[in-house]
Amino acid sequence: MTKKDKYILAVGDSFTDRDFKSVEYPDYDCSYKKWPELLANRLQTNVINLGRCGVDNDYILNSAYDHILDNHEKIELVVVGMTEGWRFTVYNSFLINPIALVKENISIRKWHDYENAVEPLSKFIMVDRLLSPTDWARYAQTMFSHFISHIIRIQKLCKTFGLKLIVTPLLGPISYGAMWNIAKDYGITIPYDSRQLAQEFSKTVGFYDVDPATVLGWPFYPHLGGHFLTEGSGGFDFATMKVGPNDGHPNKLGHEHIANGIYNFYGKAYL
Amino acid sequence: MSKSSKELFACGCSFSAKNWVITDQNKMDGYETGPHPMWPEILANKLNLKEVNQACPGMGNDYILGTSMKYILDNHENIELVAIQWSQLTRMWIYDMNFFNPSVWLNEKDRKYDRWGPDFVGFPYIFGDPWTASKACMRDVTKDSYSVVQLFKKYMREIYTLQKLCDELNVKYIFGQGFPAHEFYNWIKVNPDLDWYAIIKGFIAQPEFDTINKEKFMGWPCIPELGGYTMTTGHPDFDPWPKNRMNPIDSHPNAKGQHLLADQFHKKYLELYT
């Protein structure tokens, strides 16, 4: 099989989904090419994009594992756009974002019975634990550890099959800004600053087992010398690169920025 | 590498976990309580292998897949046999830390006993009232046969992923089912109109159904109506009830039952790999 016959496997959430539609701006034209298609154009290869709106890292990585195990001989490059660490998917069907269930001013409302079921859990996770003055670090570590274990697993799998890999969080494992906003909504003081959050990330079990050679922006948090492609630290301009003031998803320019970032990293890592 | 330095990797739930003991609520006078040697230890001894047992009580198939995948990727060159005991469909594992099975919180009559207690696994109570949360969750899961079939699809995907990983890495493997995968008798409390035969039809109609290697999954498809059995339910080693189980209210295999599970794996190993 020649390189021309091979393809990029892209996995991720709404930042990757080729059929993304803005909930906040339903009339917004989202038909522009997303970063996987743009990247494939630049690398002159094909792409299979398994991105799906609303999913968590378990879903994202499990879809990658399945696809890789069945098709590794046809894959040129695996690119994983990871998402928020607090999301979870129940039974591959119920997509739960606790932050959406504790914040009143965002568009994702409780559409399903199961969302009512997990509302107490969401408050427990996002407020009682991640904003607890005594317990936040332990709970943050849990989410960081889950996040990092997925990175290590996909690295091992790709290494086993000799596949090129790029992992990058398009949404961070825990966003300090998001936590600050929840604290504000609940009238409490966030018990840590962004430096302390980054320090906790660096203490996570498995942190030193990650191979930085295939992780774009590692170790992500600017206090640790890393960056996120979709934040200011990674050159993302919120004024021009997102869909709108109430929708932080990348617009056409935003997707070009992401594709460029991944392309440049690919050049350094593999060319 | 000598045979004895090679490993038996085992994973599963309480059917397989080292040092498992019966819960206080299920103890009965005159019956065993554990701990006793579990089948992975017995099997490893029979095969002269080093036992690596990462089974954990309460865990579901997402834990079993994730944990096994990580270990196999790291250690496949040292592994002689992967032996997996799969668990129930509705068990979930969140953030690699908390686990919960809403199927066990559906019976209101258990509320007055609160038989699990807040310390049972801790996690159900972070959903708020576990009965309320479980019913709300299971109302979505059991709203129709199609939704239940999605659970079976997830189950088959998890099995297939591990099967494929072992195949790709040339690792020997044998799978079996511990508790029955489904808990239909609990689900119909939420939706009495649920049609078991429509679910079975949907289950076998999924393309994933044919991807499971029947030769290496003992008792597949593990449902009596389809001619299958688990390692206990429907298996002559454990029939009639409660033969070789802990007691009449606890279906875990007892000490002898664990030897019988090891024998099932051993027999399959000899059949497939010698």
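Select helix 2 of chain A and helix 4 of chain B: the first passes the second in a left-handed crossing. The model you have open is predicted.

**Helix 2 of chain A against helix 4 of chain B**

Keep both helices on screen. Helix 2 of chain A (57-71) and helix 4 of chain B (residues 145-168) pack at an angle of about 40°, with 10 Å between their axes. That angle makes helix 2 of chain A oblique to helix 4 of chain B. Now show side chains. On the chain A helix, pick A:Tyr65, A:Asp66, A:Leu69 and A:Asp70; on the chain B helix, pick B:Arg157, B:Thr161, B:Lys164, B:Leu165 and B:Glu168. Coloured by class, the residues of this contact come out as three nonpolar, one polar and five charged.

**The whole side of chain A that touches chain B**

Widen the selection to the two chains. Here 28 residues of chain A are in contact with 26 residues of chain B. On chain A, the elements giving two or more residues to this side are helix 2, strand 4 (88-90), helix 4 (113-117), helix 5 (119-129) and helix 6 (136-160). Helix 6 of chain A supplies the largest share, nine residues. By class, this side of chain A has 14 nonpolar, nine polar and five charged residues.

**Inside chain B: helix 2 and helix 4**

Stay on helix 4 of chain B and add helix 2 of chain B (residues 61-75). The two pack at about 10°, their axes 10 Å apart, and that angle makes helix 2 of chain B roughly parallel to helix 4 of chain B. Their crossing is left-handed. From helix 2 of chain B, select B:Asn61, B:Asp62, B:Leu65, B:Ser68, B:Met69 and B:Ile72; they meet B:Tyr155, B:Glu158, B:Thr161, B:Leu162, B:Leu165 and B:Cys166 of helix 4 of chain B. This contact divides into seven nonpolar, three polar and two charged residues. B:Thr161 and B:Leu165 belong to this contact and also to the one with helix 2 of chain A.

**The nonpolar core**

Next, select A:Ile8, A:Ala64, A:Val78 and A:Val80, which touch the most other members of the largest nonpolar core, a set of 146 residues. Helix 6 of chain A gives the most to this core, 11 residues. Centre on A:Val80. Beyond its neighbours within four places in sequence, A:Val80 is in contact with A:Val11, A:Gly12, A:Ile60, A:Leu61, A:Ala64, A:Ile154 and A:Val167.

**Loops of chain A**

Go to A:Gln44, in the loop between helix 1 (35-43) and strand 2 (46-49) of chain A. A:Gln44 is not a glycine, yet has a positive phi of about 50°. A:Gln44 is exposed, because 8 other C-beta atoms lie within 10 Å.

A:Tyr91, in the loop between strand 4 and strand 5 (94-96) of chain A, also has a positive phi, near 55°. A:Tyr91 counts as buried, because it has 20 C-beta neighbours inside 10 Å.

Then move to A:Ile188, in the loop between helix 7 (176-185) and helix 8 (194-202) of chain A. With 13 other C-beta atoms within 10 Å, A:Ile188 is partly exposed. Setting aside residues up to four places away in sequence, A:Ile188 touches A:Leu131 and A:Ala183.

**Two cis peptide bonds in chain B**

Finish in the loop between helix 6 (196-205) and strand 7 (245-247) of chain B, where B:Pro240 is found. The peptide bond from B:Asp239 to B:Pro240 is cis, with omega near 5°. B:Pro242 has its place in the loop between helix 6 and strand 7 of chain B, and the bond from B:Trp241 to B:Pro242 is cis, with omega near -5°.

Terms used
Residues are numbered from 1 along each chain as its sequence is written. Chains are lettered from A and ligands numbered from 1 in the order in which they are written. This is a predicted model: local features need pLDDT of at least 70, side-chain atom pairs count only at pLDDT 80 or more; totals for chains, interfaces and linings use all residues. Two residues are in contact if their C-beta atoms, placed from the backbone, lie within 7 Å. Helices (H or I, at least four residues) and strands (E, at least two) are DSSP runs, numbered from the N terminus. Ala, Val, Leu, Ile, Met, Phe, Trp, Tyr, Cys and Pro count as nonpolar, Asp, Glu, Lys and Arg as charged, and the others, Gly among them, as polar. A residue is buried if 20 or more other C-beta atoms lie within 10 Å of its own, exposed if 12 or fewer, and partly exposed in between; C-beta atoms are placed from the backbone. A nonpolar core is a set of buried Ala, Val, Leu, Ile, Met, Phe, Trp, Tyr and Cys residues joined through C-beta atoms within 7 Å. Axes are lines fitted to C-alpha atoms, for helices over the stretch in contact, and angles run from 0 to 180 degrees between N-to-C directions. Angles under 35 degrees count as roughly parallel, over 145 as roughly antiparallel, 65 to 115 as roughly perpendicular and the rest as oblique. A crossing is left-handed if the near helix is turned anticlockwise from the far one by less than a right angle, and right-handed if clockwise.
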